[in-house]
Structure formats: structure tokens, C-alpha cells
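User: I would like a close look at one part of this model, the place where two helices pack against each other. Please explain each term as it arises.

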Amino acid sequence: MKDVLLIALFALLGASCAGLAGAVVLRLVRHRSVAVSLAVVAAVTVTAMLAGTLAVAQAMFLSAHDLWVVTVVVAMAALVSLAVALLLGRWVVARSHALTKAARDFGDGGSFSAPRGTATAELAALTLELAATSAKLDESRRRERALEASRRELVAWISHDLRTPLAGLRAMAEALEDGVAADPDRYHRQIRTEVDRLAAMVTDLFELSRIHAGALTLTPSRLSVYDLVGDALGGADPLAREHGVRLSGEAVQAVPVEVDGKEMTRVLANLLVNAIRHTPPDGTVAVAAERREDTVVLSVTDGCGGIRDEDLPRVFDTGWRGTEARTPPAGAGLGLAIVRGIVEAHSGSAAVRNVPGGCRFEVVLPAAAG
């Protein structure tokens with residue numbers, strides 16, 4: 001038993017010395033290729049075995065011939081281990097380089113294409129993560145391009161919409177200043193109308209900038225959809241009378257919701273104004289509200305004649321004005337973009353679809369608990 005303990009002790013001492021030396025070497029080459037690290041690990045393994053064997057052999061007083069044989073056997077094992085470690089390291093490094101090149105390609109604006117061939121579990125997992133990240137980046141790039149195009153379009157339309165009333169205001173102001181206005185009171189009324197229009201446009205731009213910046217602060221409270229719709233219909237009634245459009249709110253259920261009353265009133269007002277302006281005289285704009293499972297669906301149906309199918313996905317985009325049949329006489333196409341922003345801030349969604357004779361805008365909101 002004593003001999004066995006001595007052999008174990010000598011083997012442990014020899015292997016420990018080799019292990020410590022290997023740890024130092026690994027620390028020195030930690031910034032090098034994984035192939036070098038694998039070679040060092042293999043060398044440490046064989047060296048530890050060799051050191052332990054030689055220590056035991058010396059303690060057992062083996063003959064020179066036997067010691068030489070043991071050394072040769074261990075050396076051959078070391079050579080084979082190093083060769084296998086280098087081959088494995090080269091394979092891992094080659095796969096890593098291929099993965100790095102693929103990652104660089106999609107980082108430069110391309111799409112990620114996983115390298116062919118087998119890989120270790122870790123590299124395979126990293127490949128899947130890079131593929132998922134590439135898909136997210138592609139989607140983000142598409143949204144960014146669409147948003148940038150929408151912004152350019154908005155700037156062009158805003159410039160046009162501002163130029164027209166400003167030119168009119170300047171002409172009327174010069175006429176009043178020169179005393180050549182035939183009806184000054186009418187000019188004053190027209191100036192007030194144009195100023196109100198510009199103020200409304202600036203208000204919409206400010207609201208939209210708050211939404212895009214994530215600075216929209218909501219103060220939700222428990223309200224009845226019936227009351228919200230009633231207030232919105234009352235506010236839109238003068239405009240409806242001016243355009244000869246009938247308003248209908250008979251299919252509205254008294255369903256409770258947790259919303260910011262001011263912002264949701266703005267949503268309904270924008271939808272109603274949009275519907276009234278695009279509904280011909282003697283037409284009807286119908287508002288409905290119902291509960292569907294855990295949501296409340298508010299809808300506004302107009303008589304605009306419908307929207308082209310290819311335009312439906314763009315209806316809520318910033319600056320969208322639609323086809324010739326739906327081009328409004330005023331405004332910058334911000335109302336529906338504001339609607340979507342406010343609704344999404346309430347964890348809801350906004351959508352539009354064609355119905356016979358017109359289109360239906362639907363706002364889906366979470367129903368109030370209890």
C-alpha cells in the first residue's frame with residue numbers, strides 16, 4: 001500500500017509541475033489562435049503523463065533500457081496528440097474564419113449567409129444567433145428606408161402646403177396695407193382661416209414628433225366607449241353638417257376601457273374628420289364599438305368609394321394622402337399617422353379595410369379589467 005501511495009505522489013508531483021507550466025503558457029498565448037491553445041492543451045496532457053511516468057520510473061529505479069522504452073512510447077503519444085490537436089484546431093479556425101467573413105458581409109449591409117459544412121455546437125449556436133440578428137437588421141433597414149422615404153415625402157408636401165397659404169396671406173396683407181382690398185372684412189376672415197389652418201398643421205407636426213420621439217405621455221383612466229364616441233360625434237357634427245354628411249353612432253356598446261381620454265378623443269376626431277371629408281354629400285359616416293373577447297373594437301365606416309388594395313398598407317404612413325379620389329383639399333396627411341401612434345401607445349392597433357361603398361377604419365384596444 002505504501003508503494004502505491006508513493007507512486008501516486010510522484011505521479012501527482014510530476015503532472016502538477018507540467019500542469020502549472022501549461023497554465024502559464026496558456027495565459028501567455030490566450031490572445032492567439034484557438035489552434036495554438038489546443039496544441040498547448042495536448043502538449044500539457046502528454047507532458048504531464050511523461051513527467052509523472054519519469055518520476056515514477058526514477059523512483060522505481062528502472063533500468064536505462066526500460067526508461068528509454070517508456071520515454072519513446074510517451075514521445076510517440078505526444079506526437080500523435082499534437083498532430084490531432086493541430087488538425088482539430090485548423091478545422092475550428094477555418095470554420096471560425098468563415099463565420100467571421102459571413103458576419104462581416106451582413107455587417108456591411110448585406111444579408112447573413114451561414115457557411116456550409118458542419119460545425120461545433122457552440123459555432124452552430126452562434127450561426128443561428130447571427131442569422132436571427134441578420135433578419136432583424138434587414139427588417140430594421142426596410143423600416144428605416146420606408147420611414148426615410150415617408151419623411152422626404154412629408155417634407156415635400158409640407159413645403160407645398162405651407163407655401164400656398166403663406167403666399168395667400170402675403171397677398172392679402174399687401175392688399176390691406178395698400179388699401180386696395182375691396183372687402184377688408186372678408187380678407188380678415190380669410191386671413192384668420194389660413195392662420196387657423198397653419199396652426200392646426202403645426203400642432204399635428206408637434207404631436208407626430210412627440211409620438212416618434214417616444215415622448216407621448218399618457219394618463220389613462222377608466223372610461224366608457226359610449227361616452228368617448230358621443231363626445232367625438234358632437235365635436236364632428238358641425239363639419240358633417242357643412243359637408244352634408246350624416247353621422248350614425250347607434251351601434252356603440254357601453255364598454256369600459258383604460259385610455260387617455262384626451263388622446264383617444266383626438267383619435268376618434270381624426271378618424272371622423274377624415275371620413276367626413278372623403279364621404280360625398282348625403283352620405284353616411286357610421287361609428288360602431290363592440291367588445292371582442294379581451295379587446296374593444298372601435299370602427300369608423302365612410303362612403304369614400306374604397307381604397308386601392310396596393311395603397312391599403314400605406315394608409316397610416318406619415319404623409320400619405322391616397323389616390324386622386326381621396327386627396328384632401330387641405331392637410332399634410334398626418335392625421336392617420338397620429339391615430340396609429342396614439343393607438344399603439346395604448347398597446348392597441350389600427351387597421352383599415354374596404355367595405356361596399358367605402359372603407360372601414362378599425363381601432364383595437366385592450367378592454368378594461370373587470
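Analyst: The answer below begins with the whole protein and then turns to the helix pair and some single residues.

The model is predicted: local features need pLDDT of at least 70 and side-chain atom pairs count only at pLDDT 80 or more, while totals for chains, interfaces and linings use all residues. Residues are numbered from 1 along each chain as its sequence is written, and side-chain values use heavy atoms, with hydrogens and water left out.

The protein has 8 helices and 7 strands; these are DSSP runs, numbered from the N terminus, with helices being H or I of at least four residues and strands E of at least two. Of its 370 residues, 33% are buried, where buried means under 20% relative accessible area, exposed over 50%, and partly exposed in between (1.4 Å probe, protein chains only).

Two packed helices are described by the angle between their axes and the distance between the axes. Here, helix α6 (residues 225–243) packs with helix α7 (residues 261–277) at an angle of about 30°, and their axes are 9 Å apart. The axes are lines fitted to C-alpha atoms over the stretch in contact, and angles run from 0 to 180 degrees between N-to-C directions. The angle makes α6 roughly parallel to α7; under 35 degrees counts as roughly parallel, over 145 as roughly antiparallel, 65 to 115 as roughly perpendicular and the rest as oblique.

Which residues of α6 and α7 meet? Those of α6 are L228, V229, A232, L233, A236, L239, A240 and H243. Their partners in α7 are G261, M264, T265, L268, L272, V273, I276 and R277. Contact means heavy atoms within 4.5 Å.

Elsewhere, F316 and F361 form an edge-to-face aromatic pair, 5.9 Å centre to centre with 85° between the planes. Rings of Phe, Tyr and Trp (its six-membered ring) pair if their centres lie within 6.5 Å; planes under 30 degrees apart count as stacked, over 60 as edge-to-face and the rest as tilted. F316 lies in the loop between β5 (295–301) and α8 (335–345), and F361 lies in strand β7 (residues 358–366), 45 residues apart. Both F316 and F361 are buried.

Two loop residues can be set beside this pair. E293, in the loop between β4 (284–292) and β5, has a positive phi near 55° and counts as exposed because its relative accessibility is 73%. S347, in the loop between α8 and β6 (349–355), has a positive phi near 65° and counts as exposed at 60% relative accessibility.
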